[in-house]
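Let's take a walk through some helices and see how they sit against one another. Have the 3D view open as you read.

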Amino acid sequence: MTELVVAAQPDAERPSAPADSTPPEAPRTEVNDSKGPIHTGTGDQLNDIRYYEQRPRKPRTWDFSQDKLEQRWKSFVPPPGFDRAAGILADRDGLVILSGAVGTGRSTAGLMLLRAGMAPGTAVRFVAPDLEKSAAEAERRIFEGSDVRDDDRLMLDLSDVDGEAFGELQDYLQALQSALLQRQAKLVTILPHLHGERLNVDLLPFEVKIGRPDMFEVLQRQLAAEGLTATNLSAYRESFASSSIEGLVRIVYQVRNARRDRPEIPVDVLLSEVLDSAEKRADTIARCVQSVKDVRGRALLLTVALLHGLSTHTVSLAHERLLGLLRGTEEDADHALDVPGLEQMLASITLDLSVTPEPGQRLHFADQEMPAEVLRYFWDDMPWLRGPLTDWVGELVRTGVGALDRFDMATLARRFGAQCRRTRDTDLAFRLVTDWSGDRYQSQRSAAYTLLEDLLDDDGTASAARQLLYNWTRDTHLPDGRVAIVVAACVNILADRYLDQAVVRLAWLAEHSEYGVRRAAREGLGQLAAEPRRRLQVIDYVLERWRFDPAGFAAVAAPAGLPMFLGTEAVERIVAGWHRALTETDQSRRAALFRPWLTAHAEALGEERPGDAQAVQQLLAMVCAHQPDLLDALFNTALDWLEYRSDDPLRLRTVQSIEQLVRRGRRPAAPTLSEAGQ
């Protein structure tokens, strides 16, 4: 840390303070940004300039364990180019860059490349590609050369980054090369699908194009990994030649599930049934779409596929709205569609549909796989419809067409989101999330959260979804509903794999200008720290923030959860953090920080945990030790706290303990050995 200290007056020249008063604290100016002029004011000054780049930091990675690697290895088939990539990675530079088409399994190939020669007990570390560039002045680079360990195994997946980020990341990649060489580490990088041709000339020697593996062999490995054995797969070799790995995995899961239901049926028969049903389903959908020539019929097929399981009345209204979007303002005498007309049109659709009896009259497909395949057909074969379909789904949820309830809206969001995630159309999904999350109704916000949850859970869209959350936290006019979604997403989804990023987003919200936003964010931080296994991590992340927020720290370092750290190395950091939180808080607001300590002590007494009560008291004594202003504030807070419920014996015992703590804290500190020698 760089410090500029403006010299104060020598002690001999200062007017002495009265014996019965506390010397006033010297004015202190803290400058947390190195840009712009600094006005020091008058009087004694301590100007503490903390340049962002010099602050302590921790790398942001998540681990892929050896157990998971071995599980993947069981079903892995080396694709074309794998051996060449292994040779380049084995070189002393320790870097290989994988390019190739979507669906060829480059990420899995990269993991298998890193698996070779790994020391027992180690893991592949994924370096997050999202740099949060909009916060460059506030958040450090996620991973730097100094974070590379000896014999490290690293994966950097850039497959979904945009062009601007890819240009910056190439410079970053070159900056890591010296660390890889020095540490004898290995790094596999996945090129983006759209910008791979813009690879820097210096990095071209490390690029290897990964081809499509033998899908027939992939199927064999996938079946074996699930404990399934087929004896006659050769007949299907041509059927799998153009399949994606994702599609093959889906087929294997269907066979596995069918095997559980009918264990007596041979795997070959079950596989044949699954393949035949998939082929027949695709042919049926194609024939159905081709047989329905007009816009109205095809719009109805789309509507039924998205809203299956809902009432015919809701389907009718949704169908009309889709027609309105597709036809614009074109007048059509037959535009209105009543329920009997709908039933007649459904009969013309050559798919096995049924309508339940009154009341309700809900539409159902006999084949449960059919609706998703219909949506897939339109989404892939008619990509120009994706924009209008996004507007349509947005309106259905926003208006609650046909009395859609909260669960119906969430279902529509999930079905539509599945198509967006499959083709990585995050911009379309984000339009809906942003629209619904700002709505005043809980049902629409619930649909937004459902869609965002799926985006965050999908590795292909998670990076962009995390960036969306980050951008929201920097919005000075964030709607209340969106605040709740950010907090819930950070606590329930992001924290499991990206705890540091969850803390960063909530910490920014905790500095919002609106009190309600700050309070919600601090409650979220408290929830992150409520789980004992990650409590210290959350506390450290908050302490390492470039801007310290006393209330945010108090939320994560709640006194009730601190006894577990007594006697550990973490105590010093926690005590220092609490001391800083109290001293950097206005005197009029310190009571709010002291009250949780009193409550934690009283609750421990009431629950017959005397050891925890003693630990809370001991930690509080360390925080306030030999600080008269803190001890005074603590004692006054305790008296006010007792007066509020003076008949509570637990509060009385707590205040008596605080009184003893304050008396001991006022005693002069014993001189150190060096001071005694002087």
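Start with a pair: in this predicted model, the axes of H19 and H21 come within 10 Å and cross at roughly 50°. Angles from 35 to 65 degrees fall outside the parallel and perpendicular ranges, so H19 and H21 count as oblique to each other. The crossing in which H19 passes H21 is right-handed. Which residues meet there? On the H19 side you'll find Leu499, Asp500 and Val503, and they touch Arg534, Gln537, Val538, Tyr541 and Val542 of H21.

Now step back along the chain to helix H18, which covers residues 480-497. With its 18 residues, H18 reaches 26 Å from first C-alpha to last, close to the 26 Å expected at 1.5 Å a residue. Look at cysteine 490, though: H18 bends there by about 40°. Cys490 is also one of the buried residues of H18, a list that includes Val486, Val487, Ala489 and Val491 as well. Arg482 is buried too.

What do those buried residues pack against? Both helices of our opening pair are among the partners, H19 (499-509) and H21 (532-543). The others are H15 (426-437), H16 (442-457), H17 (462-473) and H20 (515-530).

For a second pair, move on to H25 (residues 610-624) and H26 (residues 628-644). Their axes come within 9 Å and cross at roughly 140°, which makes H25 oblique to H26. Leu620, Val623 and Cys624 of H25 make the contact with Leu630, Leu631 and Leu634 of H26.

Note on methods: Residues numbered from 1 in each chain as written. Predicted model: local features only at pLDDT ≥ 70, side-chain atom pairs only at ≥ 80, totals over all residues. Heavy atoms only, no water. Helix = DSSP H or I, 4+ residues; strand = E, 2+ residues; numbered from the N terminus. Expected span 1.5 Å × (residues − 1). Bend = angle between axes of the 7 residues up to and from the residue. Buried < 20%, exposed > 50% of the residue type's maximum accessible area, 1.4 Å probe, protein only. Contact = heavy atoms within 4.5 Å. Axes fitted to C-alpha atoms, helices over the stretch in contact; angles between N-to-C directions. Parallel < 35°, antiparallel > 145°, perpendicular 65-115°, else oblique. Left-handed = near helix turned anticlockwise from the far one by under 90°.
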